[in-house]
Amino acid sequence: MAANSTVPSPEQALGFRVGADGRLAEWSQILDYFDRLQRTSPRIRVERIGETSLERPMIMAVISSPENLRRIEQIREGQAKLADPRGVPEREIERLIREQPAVAFIGASLHGNEIMATQMAMELAYILAIDPNLGRALENVVVLLVPGMNPDGLDITRDWWLRTRETEDAGAPMPWLYHHYVGHDNNRDFFMITQPETQAVTRVLYERWFPQVVWDVHQMGNRGARFFIPPFADPLNPNLEPLIVRMTNLVGVQMAADLTAAGKTGVSHQETFDLWWHGGGRTVPARHNMVGILSEAASANIGDPIYQEADSLRQPELGSMFPDPWPGGWWRPRDIVEYELIAGRSLVNLMSRQREQFVRNFVTLAEQQIRRGAAGGPFAYVVPPEQRDPGSAAELLRVLRRGGVEVDEAREPFTADGVSYPAGTRVVLMAQPFRAHAKDLLEVQRYPDRRQYPGGPPAPPYDLAGWTLPLQMGVELDEIEEPFATAVLVRLDSVAVRRGTVRGSDGALAFALDPRMNASHRAVHEVLQAGGQVNFATAPTREQGVTWPAGAPLVWGVADLRQRVDRWAREWGLDAVAMPGPPHEGITSLRVALYKPWTASMDEGWTRWIFEQWGVPFDTIADAQIRAGNLRQSYDAIVVPAITYRELVQGPDRAHADYAGGIGQPGTAALRQFVEGGGTLVLLDSSVEFAIRELGVRVRDVAAAQNATDPQRWFAPGSLLRVRWDASHPVAYGMPEEGAIFYARSPVLEVLPNARGVRVIARYPERDLLLSGYAQGEERIAGRAAAVEAEVGQGRVVMFAFRPQHRAQPQQTFKPLFNALYLR
Ligand SMILES: [Zn+2]
């Protein structure tokens with residue numbers, strides 16, 4: 001590596017100082033700068049780690065001493081042994097503890113509008129390259145620096161800022177998401193791992209590098225403290241190892257001490273961000289024995305400064321966790337950069353000074369996890385091969401595999417907790433290093449009952465209270481308490497779906513598909529795409545020895561149907577049976593529109609992503625297309641994601657003129673006309689209010705009707721609730737009698753006595769509503785509806801008073817969402 005030329009500073013490369021008022025580098029400039037760094041510094045190598053949703057390259061700088069970089073592959077292999085010490089000789093572990101550098105991962109600006117860390121990353125890399133003290137520290141530390149966790153979001157935000165900053169729209173919220181599909185929820189994707197950016201980072205963390213510390217560099221609002229770092233807020237998730245919690249506190253407190261020593265004020269701890277949540281950039285590493293650090297700097301105006309009087313702020317109270325409030329004044333982008341650079345230096349110096357502590361504790365944590373798992377309680381989670389939807393069972397295990405969890409398969413029958421399981425049963429043993437991650441996804445969450453003050457309303461979690469994946473995905477699984485003989489188990493590299501069965505003659509012209517399987521919808525969308533036809537059996541299917549509930553999709557009218565059916569069985573595990581002859585009438589096309597509001601709706605983005613992934617053909621329509629009317633000519637179904645009535649009808653509170661006003665009265669009339677003319681309007685979560693207010697549907701939202709100050713009111717923040725499905729209703733075709741829905745402060749529907757043409761699709765039972773998470777006051781909503789269909793004119797509205805597609809997790813309730821698109 002040529003290293004004789006001078007390392008250019010960011011200022012030399014960019015023509016402005018990092019964090020200068022009104023100046024932000026775009027992604028291509030940052031890529032160029034890192035390329036120049038690796039060509040001039042012997043301490044820096046740059047790797048490409050993936051590609052974004054919008055096809056920008058993602059990079060990672062590997063920064064360490066030249067000696068360490070020369071043996072970097074050996075160091076990487078050492079990390080893998082420390083992360084999973086099973087089978088590694090004790091001597092070898094002790095040698096690694098003596099010789100292995102500590103490894104820190106730093107990820108900048110996951111959230112596009114929290115923009116300064118991507119700028120700061122250039123200067124951090126530069127000082128790591130030239131500073132002599134840091135150079136010595138790097139003999140003991142490897143820094144993995146991802147300068148842009150969301151490069152699309154950087155450019156999207158920067159473009160909007162440049163377009164508006166000197167206009168009257170300066171500071172108006174962006175009308176679209178800063179991640180193409182999932183916006184802010186890219187920091188909720190770290191256990192499902194659906195997006196390419198999350199996948200790239202996940203490979204670095206749990207497949208290639210196994211760092212001891214993961215620092216996720218964010219910004220927050222600017223009405224309070226200037227910089228948040230751990231210790232985190234309560235409650236504590238019981239799956240986190242105490243030593244991880246202690247090490248997290250240690251890093252945060254060290255950063256705070258260094259910030260204070262450098263004269264930086266307003267550094268806070270234990271605010272808002274809790275240790276319950278799973279799924280984020282810092283919380284998933286914490287379940288992989290990695291110290292997960294979050295920092296949140298107060299924001300400026302994107303790249304412009306703001307002036308703030310101290311008495312206009314709500315900083316934490318003076319105390320041991322907040323000894324030095326910020327005095328107020330100008331808050332500049334450069335201030336954010338400086339706080340983050342001090343924190344970065346602090347981290348590298350701490351890990352260098354206490355290298356052995358970080359390395360030794362990392363291997364200790366892995367050993368503790370393995371020991372806890374081997375002791376049982378639980379010992380394993382078992383996924384039997386017999387499933388309503390084997391495709392979802394395989395997908396659940398793939399989600400775990402992507403997160404670094406080991407999955408086994410039994411080659412012979414075995415017995416666990418007194419139950420016999422056949423060969424082919426999949427097993428997730430808890431005696432593995434990433435046990436906490438697997439256990440936390442597979443078990444039921446019991447969020448503690450905490451109050452905002454004694455006798456007051458519940459204190460909600462920072463994010464969700466419950467997320468149990470088998471419940472969300474409709475997968476049967478058994479928790480095994482006691483250890484059993486595991487010799488029959490074989491580790492799986494990848495998780496194949498069990499092959500589906502195709503019954504009936506080769507020459508059949510029509511096939512029925514098992515309605516309980518999500519893949520049946522994938523097949524239906526493919527058939528329509530290929531010019532075929534579909535309809536849905538209104539009675540149970542009894543053919544050639546199979547008995548399926550009502551709702552089996554019948555497909556016909558495409559060439560090579562048999563080959564397709566065989567492929568679906570092989571690739572998706574779909575069961576199919578040949579039918580005597582094609583029916584007379586079928587659906588030949590799906591004409592779906594998905595409404596995209598100018599409020600930058602993540603719910604819209606997730607829905608769009610799921611439709612694309614599952615092959616649902618659709619158009620995106622915005623306010624202008626809805627206001628223009630004549631929707632029935634083009635569409636059979638219109639889907640409105642979760643949005644309040646006000647936002648839908650009036651638009652964003654503050655918007656650029658091109659994006660203001662919502663659908664307005666013309667759009668409201670157009671949607672009514674669409675439904676009355678025979679269309680299907682599908683409303684998700686909060687958008688059900690539109691049907692109550694504008695379409696005359698005789699239901700009432702009993703959750704919204706409660707007294708907001710009643711501390712005993714019905715309340716469930718991001719939890720899984722039990723509902724009973726009416727599987728004879730076409731929207732619930734293929735659903736089990738009882739299942740979980742994802743519910744977060746959503747509406748709850750009561751059908752009014754004089755309602756006509758309203759059918760309940762899913763209903764809360766009389767008791768035991770909570771499946772995972774937290775809820776109080778269930779008696780207030782017992783027996784009420786979670787989903788209804790209402791006739792309006794010649795058409796209908798389907799009201800899902802929950803989020804059937806939330807963050808792409810509750811895959812069991814994708815089916816009713818897809819079913820609703822086929823109502824005629
Ligand atoms: Zn953030």
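How far apart do the C-alpha centres of domain 1 and domain 4 lie? They lie 38 Å apart, with domain bounds taken from an automatic or database domain assignment. The contact (heavy atoms within 4.5 Å) takes 14 residues from domain 1 and 13 residues from domain 4. This is a predicted model, in which local features need pLDDT of at least 70, side-chain atom pairs count only at pLDDT 80 or more, and totals for chains, interfaces and linings use all residues. Residues are numbered from 1 along each chain as its sequence is written, and side-chain values use heavy atoms, leaving out hydrogens and water.

Domain 1 spans 10-167 + 180-369 and domain 4 spans 592-820. Between them about 1,200 Å² is buried, 55% of it from carbon and sulfur atoms; buried area is the accessible area (1.4 Å probe) that two parts lose on being put together, summed over both. Tyr181, Asp185 and Met192 supply 42% of what domain 1 buries against domain 4, more than any other three residues.

Asp185 also forms a salt bridge with Arg807, the closest N and O atoms being 3.4 Å apart. Two salt bridges are found across this interface, the rule being a side-chain nitrogen of Lys or Arg within 4 Å of a carboxyl oxygen of Asp or Glu.

Turning to the metal site, the protein donors of the zinc ion are His111 (ND1), Glu114 (OE), Glu114 (OE) and His218 (ND1), 2.0 to 2.5 Å from the ion. Donors are N, O and S atoms within 2.8 Å of the metal (3.2 Å for Na, K and Ca); water is not among the atoms, so sites may look incomplete. Along the chain, the donors follow the spacing H-x2-E-x103-H.
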